[in-house]
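Notebook open, coffee ready. Here is what I looked up today.

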Amino acid sequence: MTNETTPEVLDVVVIGAGLSGIGAGYRLTERMPDLKYAILERRPSLGGTWDLFRYPGIRSDSDMYTLAYPFDPWQHERAIAAGGDILDYIKHTATKYGIDEHIRYEHEVVRGDWSSEDALWTLTVRTPDGEQEVRTRFVYACSGYYSYNEPYKADIPGIDDFGGTVIHPQFWPADLDVTDKRITVIGSGATAITLVPALADAGADVTMLQRTPSFVLGQPGRDPLNRLLRGRVSDERRHAILRNKNVFLQWGSYQFARRAPKLTTRALRAGVRMSAGMSHMENFTAPYNPWDQRLCVVPDSDLFKVLKKDGAHVVTDTIERVEAGGIRTTSGTFIDADIIVTATGLSLEMLGGAEVFVDGDKVDLSERLAYRGCMLEGVPNVGMCVGYINASWGLRSDLSNRFIARVVEHMRTTGSDIATPTAPPGLERAPLLEMESGYLQRGAALMPRKAKTPPWTMRQDYLAEAREMKNPPVTTDMRYERSGAAGGSIPADGSKTPAMGAR
């Protein structure tokens, strides 16, 4: 309860009510049931990515046993799941554990100001009723790393001269009828290879126009082991078995690909040849090694099937210019189109796009090291959730959620107001996410850095990080302080601003 004389002070504010934010709510209250927290969500509904993206065929790009929460078993038959089913799952989890009661919708955090004197964050929040201030002891950003408002706009010559409809998948029109339409999807990543079979099945004549081929891997949309286990073991046990099995498969296949890229390339090409035919092998042979960029999954070989029956087409070429009625490529081919879909990538954005200030000084994230991949060097009482790029996002987000919960719990038990990651001098710095994908290269300057050794690195290796992150000391390279009301040390009599969790 708040009033004019006693402003509300929360223990933790979680930014974002997507997959990670709901998981954070669970992990925080799992350890501290009486924690006073809120989840601030900029949109009018929860779900994050799975509520925002509504393009045809939207689905997971990793299996749900590793993407889903380990504490709430995935019940659907499909391991590679439709976006709507994932959204329903997140909503179900939020309701089941009462996390939805802590969500404040249409609350967009645009600025955060830390006061060392008060040991508090003051968040400037944009709401339908105007800007408001929210005060909290700890901030945990679970808003991902791409912009919801501004997708990447590739420089496509002549796009303004096109007489038809131009769509970015991030903002797909709900009432668009694609039946008998000629659609060109520009791009070769996960979004493009998802859209093409879905649009073809909806009755469109689809061409995927790619500048550079990507490696793709066909795999079953349903896990045969799931069918074998269902009804024989509990849902919790079944989910754990499938999760662990897929963790080892993901890890093993990635390690093999990095150590034997030529052999992996031959195996991927053979898969395309068997599923789509010899004529498509070059269209899915990338000019780089497997996992230099993210490997795209094709569930039930749906893309290969529509290509094999001529329900869709792939053109590998560059765009000379978009003209009225279609696209002219550099080689002179003209692709007729009624609709152009620019599946050309995302724009990166950290901390939901909020500006961050510490005692009046603006924080440049690119100058900070990431502490265990989920806190920031020299920035007090802030966590961030960043997932893997070579495995399921859910694996890394749960590790981060658990670690942040342990940090907050340590602050409560020690009476600390401030937790600041403090890096030793001389650490060599590198990009946080090292992969050649275009969106990561474009956004590298916006992201914090990493070093080569824990706790200042972020490995793309869940098995190694699971050992390092689940029960690591929360005091290594971390400075905890008990500040007084005026910012000094706590008085001997113990009088001070109420500490984390105090009522």
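**Burial, build and cysteines**

I started with burial: 54% of the 503 residues of the protein count as buried, meaning under 20% relative accessible area with a 1.4 Å probe and protein chains only (over 50% is exposed, in between is partly exposed). Note to self: this is a predicted model, where local features need pLDDT of at least 70, side-chain atom pairs count only at pLDDT 80 or more, and totals for chains, interfaces and linings use all residues. Residues are numbered from 1 along each chain as its sequence is written, and side-chain values use heavy atoms, with hydrogens and water left out.

Next I looked up the secondary structure, and found twelve helices and 25 strands. These are DSSP runs, numbered from the N terminus: helices are H or I with at least four residues, strands are E with at least two.

Then overall size. The C-alpha trace spans about 80 × 55 × 45 Å along its principal axes. How does the radius of gyration fit a compact globule? With 503 residues such a globule would come near 23 Å, and the protein has 24 Å, so the two agree. (The radius is taken over C-alpha atoms; the globule rule is 2.2 Å times the number of residues to the power 0.38.)

Last, I hunted for disulfides, which are pairs of cysteine sulfur atoms within 2.5 Å. The count is zero. Why does Cys 142 not bond with Cys 385? Because the sulfur of Cys 385, the closest cysteine sulfur to that of Cys 142, is 4.9 Å away, too far for a bond. I also checked accessibility: Cys 142 is buried at 6%, and Cys 296 is buried at 8%.
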